[in-house]
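Student: Could we go through a structure together? I would like to understand the terms as well as the values.

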Amino acid sequence: MGAGPNETFKVPPPASGPERGRMNRLYDMEPRVMDDDMLKLAVGEQGPREEAGQLAKQEGILFKDVVSLQLDFQNILRIDNLWQFESLQKLQLDNNIIEKIEGLENLTRLVWLDLSFNNIEAIEGLDTLVNLEDLSLFNNRISKIDSLDALVKLQVLSLGNNHIGNMMNIIYLRRFKALRTLSLSGNPVAEDEDYKMFICAYLPDLVYLDFRRLDDHMKELAEMKHQYSIDELKHRENLMQARLEDEQARREELEEHKAAFVEQLNGTFLFDSMYAEDVEGSKLSHLPGVGELLEAYKDKFVIICLNIFEYGLKQQEKRKAELDTFMECVQEAIQENQEQGKLKIAKFEEKHLLSLNAIREESELSSIETKIVEYSEDITELFNVLMTLEMQLVEQLEETINMFERNIIDLVGLFVENVQSLMAQCRDLENHHHEKLLEIAINILEKIVKGEMDEDLPDDVRSLFVDKDTIVNAVGASHDIHLLKIDNREDELVTRVNSWCTHLLDKIHKDEIMRNRKRVKEINQYVDHVQSELDSLECGDLLD
Amino acid sequence: MVQAVLKATSSLDSHRHARMEVLKEKVEEEEAAEREEAAERAERGEKTKRPMEVRREETTMTQEMLRDLERKLSEIEVSVPEKLLAFTKDTIDTSKLPLSYQSNTLKEEHLLQVADNFSRQYSHLCPDRVPLFLHPLNECEVPKFVSTTIRPTLMPYPELYNWDTCAQFISDFLSMVPLPDPLKPPLYLYSSTTVLKYQKGNCFDFSTLLCSMLIGAGYDAYCVNGYGSQDLCHMDLTREVCPLTMKPKESVKEEEKAPPKKYAIKPPRDLTSRFEQEQEMKRQEAIKAEEENRRKQEEARLLEQENAKTDPLHGLRVHSWVLVLSGKREVPESFFIDPFTARSYSTQDDHFLGIESLWNHKNYWVNMQDCWNCCKDLVFDLGDPVRWEYLLLGTDKPFLSLTEEEDEGMNDDDDVENLGKEDEDKSFDMPPSWVEQIEISPEAFETRCPNGKKVIQYKRAKLEKWAPYLNNNGLVCRLTTYEDLECTKTLEMKEWYQNREDMLELKHINKITGLNVDYFKPGHPQALRVHSYKSMQPEMDRVMEFYETARVDGLIKREETPKTMTEHYQGRPDFLSYRHVNFGPRMKKLALNSAESNPRPMVKITERFFRNPAKPADEDVAERVFLIAEERIQLRYHCRSDHITANKREFLRRTEVDSKGNKIIMTPDMCISFEVEPMEHTKKLLYQYEAMMKLKNEEKLSRHQAWESELEVLEILKLREEEEEAHTLTISIYDTKRNEKSKEYREAMERVLHEEHLRQVEAQLDYLAPFLAQLPPGEKLTRWQAVRLKDECLNDFKQRLIDKANLIQARFEKETQELQKKQQWYQENQVTLTPEDEDLYLSYCSQAMFRIRILEQRLSRHKELAPLKYLALEEKLYKDPRLVELLKVFV
C-alpha cells in the first residue's frame, strides 16, 4: 500500500495535460448540477458543424437523437438528467467529482463510458448497460471489482489508479469472454511481483495489460506457473457450467411438458400429492394389509398417469404439426400474394416514370390535361388491382383459418375427452381402493371390538378405531381428498388446454385483421403518394 | 447387295446338321490322305505350305463367284495412295526381329495343323462360304495363328485403362492403310510391335492391337473378321455428324410438385370459358402438327440428298473390328468398336454387315448364324455351338453338353493315327503369343498421332488435332464447321489450346456473326473467364466474364455497348450487385486526345445492391440512380418482408441562392421521399442534408469506379493483344525435357558441383611441394632441414605478398600519374575544347578516379590481410604433419 496512489493528490494521466488535472481538483470551485442548460450547451457545442450546424440550429437537436456526449471538467458531483439520451452511445464524464455511479439506467445503447478521474468508490448502477464495450474507471477509489455481470460485451476495462488490493478480484474478470484490454497499474495489486504472471494465467484471452501487449512467451510461462490452480478453477467452472446446462435442460423439458398440459404426470407426483395432505390416509396406511394394497394401487395409478402423459405428448406433437402446416401455408399464400402485388407495382412504376416525364415535357395545355386524366385513371386502376388482390387473399385466408379452427378444436376436444376417460379410470381405482380400505378398516374395527387384535397399533391410529362412524369418516375423508386432487388436476388440464386453444385462435384472427389493415393502409398510402406527386406536377404546371 | 451377303454367309445352318451326321464319312475319306500329309509336314517343320494352301483355298471359290468378283472389281476404282503401299515387308527389317517372329515352335506347328484341319472340314462342309482367316503370314513370312498374334498387355498409362480412351489412342496413333484387296482379308498380319513402330496398319492390325490392349485391361474383347460398310472400311466419317458438334441433350428435369398441403389456400375461381380454351388448344395443336410435318419432310429430303451415293460393293467389303462382350469390367451390354475411328456402335448398327469369325487370345469362333439382316439378329453367346463353331476345346466359355459329343467325334478323327496324343489334344490350349511385349514410349504416347498431326473429315465439319507443344501457340485441336456438304463455306471455328500461359482454353469464332468468344481456364492475370467480342477496339460491343472469386472487387461480368457499360458483382462487402453506366457523346473540344485522357461523360449511373442483413430493410438501399446531367439522385430501398411497397427518396442536388444572396443549404423540396412507415427522424432537414452529402461523395466514388472500369477494359484489351502476340506456353516443372529453366538450373548445379570439385583439388595442393622437391626424395627430414624448409616457405610467401603489394602500388601510381597528366592537359586546353571533348575528358576522369579508388582499396585491404595470411601460413606449417614432429621443440 505504500506506493499506492495518494488519495488527495491524484496524478492525472500524461495525456490529459497538467491544466486539466488542476481544474479537476480545484476544490474551491462549486460543484455543479447537471441541469438542462448544461446539457443543452454541451449538445449544441458538440453537434454538427458548419452548414449542417446551421441546419441543426434551425431545427434544434433532440436529446434522444444525440449519439455522443462529452461532459468533462464540469465539476459534476452527481449524474442526473440523462434519462432522455436514449440513443447515446458514447458518454464522457471524466475529470469530475462524481462519487456514485447512478442515473445511467436509461442509456442502454451505451458502448463507451468514461468515468475516469472521479471519486467513485464502488462499481454499481451499470446493470442495464448490456451493450457496453469500453469502460474506464481510471483514477477513482474503487477497491473491489464486482457488479459488472451485465456487461457481457465488455472488451476494454480500465481500472488503473484505484485501491484494488486483492488478487482474487481478477478471477472475477474471467467471466468476460470478450475482454481483451485491462489496466490495473497503480493499484496495490500491481505491486505484487507475481501480478503480471497471475493475470496472464487467469485471463488467457487478454491481449493488452496496462497498455502493453502480452507476448505469447509470457503467456506460456504464466500458464505453466499457475497450471494447477487454473486447472482446478477450470474444473470448478466446468462443473458449474454443466450444472447450469443441466438445469436449463430440465427446465426446457418441463416447459415442453407444460405446453402439452401433462407436466409431472410422468411419475408418482400426482399420487404423492394425493397423500401429501391426507393425514388420515397416512395413518391408515399403517394398518395391516393396507401397505400391500397401497403399493398395488400406486402402481396401477402411476401406469394410468404415464398413459395420460404419453398421450398428451403425442397430442401436443399432433397439434404442433397441425399448427406448423397451417402457418406455413398461410405464410406461403401471403408471400405469393405479396409477390403479385410487387409485380403490379413494379409494372406501374415503369409506366409511371414514363408518363410523368411525358407530362413534364408536354407543352400544350389540353394534351397535358388529357394525359393527367389518363394517368389518374392508371392510378385508380392500380388501386383497384391491389385492393382486389388483397380482398381475394382475405377471403382465401378466412376460409383456411376457419378450417384450421375446426380442426384444432376437434383435436383439443378429442384430447380432453380421452384424458377425461383416463382420469375416470383413476377415479375408479380410487373408489376401488376406498372400498378395500373400508373393508379392511371395518374388519380391524370388529377385531378390536372383539378384542382379537393381536398386533399393536400406534396410538393415533388406534384412536380412529373408537367406533364405526369415526373410522368410516376417516376413510371417507381420505377418499374425498384423493378425489379432489384428481378432479383438480383434470380441471386444470382441461381449462388450460381450452384457454390455449382460444388464445391461439384469437391471435390468428387478430393477426390476420392486423395484416389486412396494414396492407390496406400501405396501399392507400402508396396511391396517395403517387396521386400527390401528380397533383404537385399539376400545380407546377398551372403555375408555369 | 444383300444377295452378296447371303452368298457369303447364308445357307450354312442347313449344312451344320448334315455335317454332324451324313457328311462325316465323306469327309473322313477325303481328308484322311491330307491329314497324313499334314502330320508328316509338321514333323519336318516345313513352313512353305501356306502359299499352296492359299491357292488351294482360292479354288474353293466357285467359278461364278470369281467371275462376279472380277466384274465388280473392274467396276470399282480403289484409289489407294501410293505412299500407303510403302508399308510392305520390304521396308521392315526382319533380321533384327526376335526368334519367335522368325520361326514356329512345336506347339504352334501343332496348332497350325489343327487349324488346317478345321479349315478343310469347314470348307468341305460349307463350300459356299469364303475361307477362314486363320493363319496369315507375319512380317517374316511365317504363318502365325491369329489368336497368337494377340498379345494381352496392360499399358502403364492410366489413360489407356478404359476402352474409349484406349481406342481413341489407337485411332490417333496409327495411320490407316486400306486393305490391298478390299474384298478379302489380308495375306499378312504383322505383329503389334511392328505396327506400333511404323505407326501404320490396316483394319486387322488396328483391331489386333486394340484387342490386345483391351484384353490386357480386363475387357472381354474379340477381334472380328467381317463385312463393313464403305464408310467404315475407308475410315470415312464425312457422312457422320462430328461428335463434338452435337449438343448434349438437355435432361429435362421434371420438378416434382409437392402435394398440396392441408391448409393450402384455394385458388380464386376461374371464370374463363372452358370451351373457348379447348378450341384454342386444338387450334394450337393443329398448327404445331403442321409444322412438325413440314420439318419432317424437310429432314427426309435432306437425308435423301446426303445418302444419294450408294456403294456397289456394299456387303462385300472386308473389315475387322473389335467386339466387347458384356460381363467383365462392368460392361452392361455388348458393343462394337471400330478401331479406325474409335467410335463405339451397338451390335445392331447398320455399318456392320456381317461376321465371318472372331477370335481372342484363347480361341477362334466361326459364325454359323445367318447375316441377311446385317448383324442385327446375331446372338453373341459364344458358348452356343449351334451359333458359334469353335476351334479349340477348353475355353472358359460355357458349353452345352451337346458339344462334347461333337468334339469327341472330331477328335476321334485325329486319333485314328495318333492314339497317344489323345490326352494332349483334349486339353490343347492356345500357345502363348509369339509377339513381343507391346511398348509405347512416353514420347510417342504424348505425340499420339504420327508426326503429331491428324485431320478427320466429318459431315459438314473438319477436325484437326495436334500434339501438345507442336504448335507454338498451343493449338491442339480445331473444329471447323461448314454450312454446306462440300465444306466450302465456313460456319464457325472452335480452337482448343493447351498449356497457354494466358490460360486460353477455347476460342470460338463465329464466321457469320463475326463474334469471337475466348474461354479461359482459372489463372488469367486479370481473372478473365470468357471474353466475347467482335472487335478488339475499345468502346464496342463486348462481354467479359470473370472468375469472381479471384478478383478483389467480385466482378462477374461486364457487358459493353458503345453507349453503356453494365457490370455484375457478387460477394462484395458493400453488397453492390449491379452497376449500369450510360455514356453521353464525347466532348469535341479535345479531338486530338485519346480515349484515356478524354473519357466519355457519364449521363447516368444505376447501382443495385443486395440486401444487407445487418440493416433494416427500409434503411437498406436497393437501387440508386445518379442522374448526373440533371443533378438528381434517386434512391429506392429494399422492401420489407411484409410489405409490397418500398421507400423511395429523391434528392435534387441543385444549389441555389435565395433572395438575399445567401446560399440555400437545404430546403424541404430538395428531398422528396415516400416512406411506407413514416419515421420521425428522416423528416429532419439535418438528416436529409447529411444523407445528401454522403450520396454526393458516393456519386464521386461511383464515377471514379466506372472510370476505372473503363481503364481496366483498355488494359485487358492491351494485355490480350500482347498475349496473342507472344503466346508463350507454360511448361510443367516436372517436364524435364521441355523445361528450359529446370534444365538450366540442373546444368548450373552440375557446373557448381564441378567447380566445387576443382576447388577441392586445388585445396589439396601442397604448399611444401616445391621446397620438398629440392631435397632428395624418400629420405626422412632432419630437424635442420625442416626448419630451413619452413623458413624458405615463409620467406617465399612473404616475398609474394610484397610483390603483390608492389604491383598494386605501381598500378596505383601509374593511374594517378596519368590522371594528373590529363588534368594538366585539360587545364591548358580548357578554352579550346569542344563540348564533346570535354564530355570525353569528364567521363575519363570519373573512370580513372574509380580505378584509383579501387586500387587504393585493394592496397589497403592487402596491407591489412597480408600479415594475417602470413601468420596463417606459419600456423599451418607448424601443424603440417610432415614438420610437426621436428618443429615441436621450437614452439
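Tutor: Happily; we will start with conventions, then take chain A and two asparagines. This is a predicted model, in which local features need pLDDT of at least 70, side-chain atom pairs count only at pLDDT 80 or more, and totals for chains, interfaces and linings use all residues. Residues are numbered from 1 along each chain as its sequence is written, chains are lettered from A and ligands numbered from 1 in the order in which they are written, and side-chain values use heavy atoms, leaving out hydrogens and water.

Student: Why is A:N81 called partly exposed?

Tutor: Buried means under 20% relative accessible area, exposed means over 50%, and partly exposed is in between (1.4 Å probe, protein chains only). A:N81 has 27% relative accessibility, so the residue counts as partly exposed.

Student: Where is A:N81 found?

Tutor: In chain A, A:N81 is in the loop between β3 (76–78) and β4 (90–92); strands are DSSP runs of E, at least two residues long, numbered from the N terminus. Its phi is positive, about 60°, although A:N81 is not a glycine.

Student: What makes B:N499 partly exposed?

Tutor: Its relative accessibility is 25%, and therefore B:N499 counts as partly exposed. B:N499 lies in the chain B loop between β13 (490–497) and β14 (504–510), and has a positive phi of about 60° without being a glycine.

Student: How much of chain A counts as buried?

Tutor: The buried share is 42% of the 544 residues of chain A. Chain A exposes about 30100 Å², an area from the Shrake-Rupley method with a 1.4 Å probe, and carbon and sulfur atoms supply 52% of it.

Conventions
Helices (H or I, at least four residues) and strands (E, at least two) are DSSP runs, numbered from the N terminus.
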